[in-house]
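Reader: I'm new to reading structures, and I get lost when I try to take in everything at once. Could you pick one part and walk me through what sits around it?

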Amino acid sequence: MDREGQVERTTKETRIHLSLRLSGEGSGKIGTGVPFLDHMLTLFMRHGLFDLTIAAKGDVEVDFHHVVEDAGICLGEAFRQALGDMKGIRRYGHAVVPMIEALASVTVDVSARPHLVYNSPLGKEKVGTFDVELVEEFLRAFAQSSGVCLHVNVAYGSNAHHTVEAVFKALGRAMSAAVELDPRVKGVPSTKGVLG
């Protein structure tokens, strides 16, 4: 079972091609035109052991919002596609990751019931030219398009770069745990017999 997803999205603001392999080695190539987002998605890929390739172009001369949000949409759609009927997955995943002085916790339920809870001390900080408030926009887009219930809780962190890095590493590890196949699971992991 390959468990792969491929998504192409073209709007008046962005053009994105994304491919994802769930049972990967943490390799690929990320190019969104937003260097900080590239760095975070590379961390997500490497720590989740997903193979991920993203080629994106967008109106970054306006700001980074459209590319960031659409990258989240595409990544979520690729997960949904790669998971197929979701039979045999563990469904839940949780990771707590420290990054120097920052600590982030991410808990996911791959349930076809999208939701985002985002608690972070970060406000309108910037990392270079990247508006840190776009992290929440990315996560919301990812949760909605993947059908994942996503809880992100940052306990503390004074450095914005470190804090966001902890979030993306934890997201990768939590998603990896949730989509892992468990041979003991027969059908989907739900007493209702369906997810959603």
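Author: Here is a walk that begins at one residue, moves to the sheet beside it and ends with the helices.

Keep in mind that this is a predicted model. Let's start with E165, which you'll find in helix α4, the stretch covering residues 160-179. Is E165 buried or exposed? Its relative accessible area is 8%, and the cut-off for buried is under 20%, so E165 counts as buried. What does E165 touch, once you leave out residues up to four places away in sequence? The answer is H39, M40, L43 and M99. There's also A102, which is 63 residues away from E165 along the chain, yet the C-alpha atoms of the two are separated by 8.9 Å.

Now for the sheet. It is an open one with 4 strands, the pairing is mixed, and the order reads β5-β6-β10-β7. Why do β5 and β7 count as edges? Each of them, β5 at 92-99 and β7 at 115-119, has a single partner strand, so one side of each has no neighbour in the sheet. On average, and ignoring direction, neighbouring strands here are turned by 10 degrees against each other. Our helix α4 packs on this sheet and touches β5, β6 and β10. Compared with the direction of β5, that of α4 makes an angle of about 155 degrees.

It's worth zooming in on how the strands pair up. As a general point, strands of a sheet pair through backbone hydrogen bonds, either parallel or antiparallel. You can find both kinds here. Strand β6, residues 102-110, runs antiparallel to strand β10, residues 148-156, and 8 bridges link the two. To see that pairing residue by residue, look at V110, which stands opposite V148 in β10, and then at V108, whose bridge partner in β10 is L150. The pairing of β7 with β10 is parallel and has 5 bridges. In that pairing, H115 stands opposite C149 in β10.

On to the other helices. Two packed helices are described by the angle between their axes and the distance between the axes. Take α1 (residues 35-48) and α2 first: their axes come within 12 Å and cross at roughly 20 degrees. That makes α1 roughly parallel to α2, and the crossing is right-handed. Which residues meet there? From α1 you get L37, L41 and F44, and from α2 you get V68, A71, L75 and F79. Sorted by class, this contact has 7 nonpolar residues, with no polar and no charged ones.

Next, follow α2 (residues 65-83) over to α3 (residues 134-146). Here the axes come within 7 Å, and the crossing angle is roughly 30 degrees. That angle makes α2 roughly parallel to α3. This crossing is right-handed as well. The residues of α2 that meet α3 include H65, E69, G72 and R80, while those on the α3 side include E137, F138, Q144 and S146. By class, the contact of α2 with α3 has 9 nonpolar, 6 polar and 4 charged residues.

How values were computed
Residues are numbered from 1 along each chain as its sequence is written. This is a predicted model: local features need pLDDT of at least 70, side-chain atom pairs count only at pLDDT 80 or more; totals for chains, interfaces and linings use all residues. Side-chain values use heavy atoms; hydrogens and water are left out. Buried means under 20% relative accessible area, exposed over 50%, partly exposed in between (1.4 Å probe, protein chains only). Contact means heavy atoms within 4.5 Å. Two strands pair if DSSP finds at least two bridges between them. Axes are lines fitted to C-alpha atoms, for helices over the stretch in contact, and angles run from 0 to 180 degrees between N-to-C directions. Angles under 35 degrees count as roughly parallel, over 145 as roughly antiparallel, 65 to 115 as roughly perpendicular and the rest as oblique. A crossing is left-handed if the near helix is turned anticlockwise from the far one by less than a right angle, and right-handed if clockwise. Ala, Val, Leu, Ile, Met, Phe, Trp, Tyr, Cys and Pro count as nonpolar, Asp, Glu, Lys and Arg as charged, and the others, Gly among them, as polar.
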